[in-house]
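Good morning, colleagues. Please bring up the sequence and the model, and follow along as I go through a few chosen places.

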Amino acid sequence: MLKTSIAGPTAAASVNAAPQGTVPAIRWALASLSLSMLLSSLGTSIANVGLPTLAHAFNASFQQVQWVVLAYLLAITTLIVSVGRLGDIFGRRRLLLVGIGLFTVASVVCGIAPNLWLLIAARAVQGLGAATMMALTMAFISETVPKEKTGSAMGLLGTMSAVGTALGPSLGGVLIAGMGWQAIFLVNVPLGLLAFVLTRRYLPLDRQHLSKGNSSFDAVGTLLLALTLAAYALAMTTRHGDAGSNGQRGFGLLNMALLLVAVWGAAQFVSAEARVASPLIRLTAFRNAVLRSSLVINLLVATVMMATLVVGPFYLSRALGLSAAQVGLVLSIGPMLCALSGFVAGRMVDRWGTQRMVIAGLIAAALGALALSVLPGMFGIQGYIIAVAVLTPGYQLFQAANNTAVMVEVPTDQRGAISGLLNLSRNLGLITGASAMGAVFAFASGATDIATAQPEAVAHGMRITFSVAAALVLVAIAHALASQRSVGRHTVATP
């Protein structure tokens, strides 16, 4: 495997020394990180199933209660890089404990909220805690396991993320039926307390000692980045006017204005980061081909994966005639396969290297997307399941290899920020995919309302959408191969 450090070759040797500690201590440390990742992903998926109940409980419209989900996602998207950088400056273990504490306390407030607006505010705080956990769990891997086991650890985190995503809807449904909507938030409290105890007991103290000149926090950059990301996320998720149930109509003047704000904010952010002594994101890091390529490919693949969640339910219900319960069961197959394949994917990365496994994962994802455009029309539900069984393990293999390729060589004082960037690129891909791939599906189906569209129109939309998705993964493969060739030439030329 090629060694390319984001900070240059001199930093890599001192960064990745195997952490000191016994095997049981390492396992307990991984357990604490895994639980943090599980909680943050569970917080996303478990609330979706409760939206109808919340609308009834608070006598609110769907547009109002959907902010219970959006507030959480916006907080993660806008703040994940900033909290990663804060961990680099003030200590990742200390900030991770703060994040777990915020998540747990906010879960209590969510569970006892007397009105919808307090619930939404508490969900935003919960999202801040989740952003901290997502960014810092990945950043902690290099300080927790030996370098040669990094892929396995990344695969474990991917497994826990998938478990949280798959468990959320079913667990949420059971809790709401048995104890009411409050339980979907209060269930996080004992898990959060356990994560706090394990983190405090088993995670190592930060060993980096930043110089005074590099320890200031970039408040201006943080505000500009948050503004930019919030504007973009709102532009992609806000809908107005007479939209069909597919949610894709109504991209109007407000959305365009928000996109312009995002573009302006991005330009201002880059300008600010070039001038500040201790930037939130070091722009020189993007000179590294591995990081640049990983972020772009991560965004493209996440965009494709979101298509399964946006298009899948409509195809399964309208084209194949499945009931709501059957649709939910079929949609859970993907996350379950991700959960089962995560650790295996990590072991494959450790054995065969990140470069090979990035390409292998992308090829499997491309084949899976292509299969989704063809097999369901030929074999029905069996074809859909076969295609998903190819796509999702490929995605998990790519994630484990891609995250390992970046994080294994990151210097200590940048791990939090770079981990935040990786998570951010994935989140932006999911947000973009929900809007863009949904728009492709709506256009290709030719229906004003997908919920009432004819099965043939929905099936045609499915074929076109996943043909586009396969093309996007092919672009990602080409990008990855070009990046690997570039890194190879640089390595050969460097004495």
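**Helix packing and selected residues**

Let me begin with helix α8 (residues 150-179) and helix α15 (residues 333-352), whose axes come within 7 Å and cross at roughly 175 degrees. Because of that angle, α8 is roughly antiparallel to α15; the term covers angles over 145 degrees, while those under 35 count as roughly parallel, 65 to 115 as roughly perpendicular and the rest as oblique. The axes are lines fitted to C-alpha atoms, for helices over the stretch in contact, and the angles run from 0 to 180 degrees between N-to-C directions. Helices themselves are DSSP runs of H or I with at least four residues, strands are runs of E with at least two, and both are numbered from the N terminus.

Before going on, I should state that this is a predicted model, in which local features need pLDDT of at least 70 and side-chain atom pairs count only at pLDDT 80 or more, whereas totals for chains, interfaces and linings use all residues. Residues are numbered from 1 along each chain as its sequence is written, and side-chain values use heavy atoms, with hydrogens and water left out.

Which residues bring α8 and α15 together? On the α8 side they include T150, G151, S152 and G155, and on the α15 side they include P335, M336, C338 and A339. Contact here means heavy atoms within 4.5 Å. C338 is buried because its relative accessibility is 8%; buried means under 20% relative accessible area, exposed over 50%, and partly exposed in between, with a 1.4 Å probe and protein chains only.

A second pair is helix α11 (residues 219-237) with helix α12 (residues 253-275): the axes come within 8 Å and cross at roughly 155 degrees. That angle is why α11 counts as roughly antiparallel to α12. Among the residues making this contact are V220, G221, L224 and Y232 of α11, and N255, L258, W264 and F269 of α12. The crossing of these two helices, α11 and α12, is left-handed, meaning that the near helix is turned anticlockwise from the far one by less than a right angle; clockwise would be right-handed.

The third pair is helix α16 (residues 354-379) and helix α17 (residues 381-407), with axes that come within 7 Å and cross at roughly 160 degrees. α16 and α17 are therefore roughly antiparallel to each other as well, and α16 passes α17 in a left-handed crossing.

How many helices and strands does the chain have in total? The secondary structure comes to 19 helices and 0 strands. Of the 495 residues in the chain, 56% are buried. Among contacts with a separation of 6 or more, 83% are between residues 24 or more positions apart.

I now turn to single residues, starting with Q126 in helix α7 (residues 116-144). Is Q126 buried or exposed? Q126 counts as buried, because its relative accessibility is 0%. Its side chain has a polar contact of 2.8 Å with the side chain of R123. By polar contact I mean a pair of N or O atoms within 3.5 Å; within protein, one must be able to donate a hydrogen and the other to accept it, and residues adjacent in sequence count only if both atoms are side-chain atoms. Setting aside neighbours within four places in sequence, Q126 touches Y72, F103, A106, S107, C110 and N188.

One of those partners, C110, is likewise buried, because its relative accessibility is 0%. As for cysteine pairing, the number of disulfides is 0, where a disulfide is a pair of cysteine sulfur atoms within 2.5 Å.

Next comes helix α18 (residues 415-445), which holds A436. N427 is also found in α18, and so is T432. N427 is buried because its relative accessibility is 9%. N427 and A302 are 125 residues apart in sequence, yet their C-alpha atoms are 7.6 Å apart. T432 is buried because its relative accessible area is 16%, and a polar atom of its side chain lies 2.7 Å from the backbone oxygen of L428. Beyond four places in sequence, T432 is in contact with Y232, T303 and M437. A436, at 32% relative accessibility, therefore counts as partly exposed.

Finally, consider N59, in the loop between α3 (51-57) and α4 (62-65). N59 has a positive phi of about 50 degrees, although it is not a glycine. N59 is exposed because its relative accessible area is 73%.
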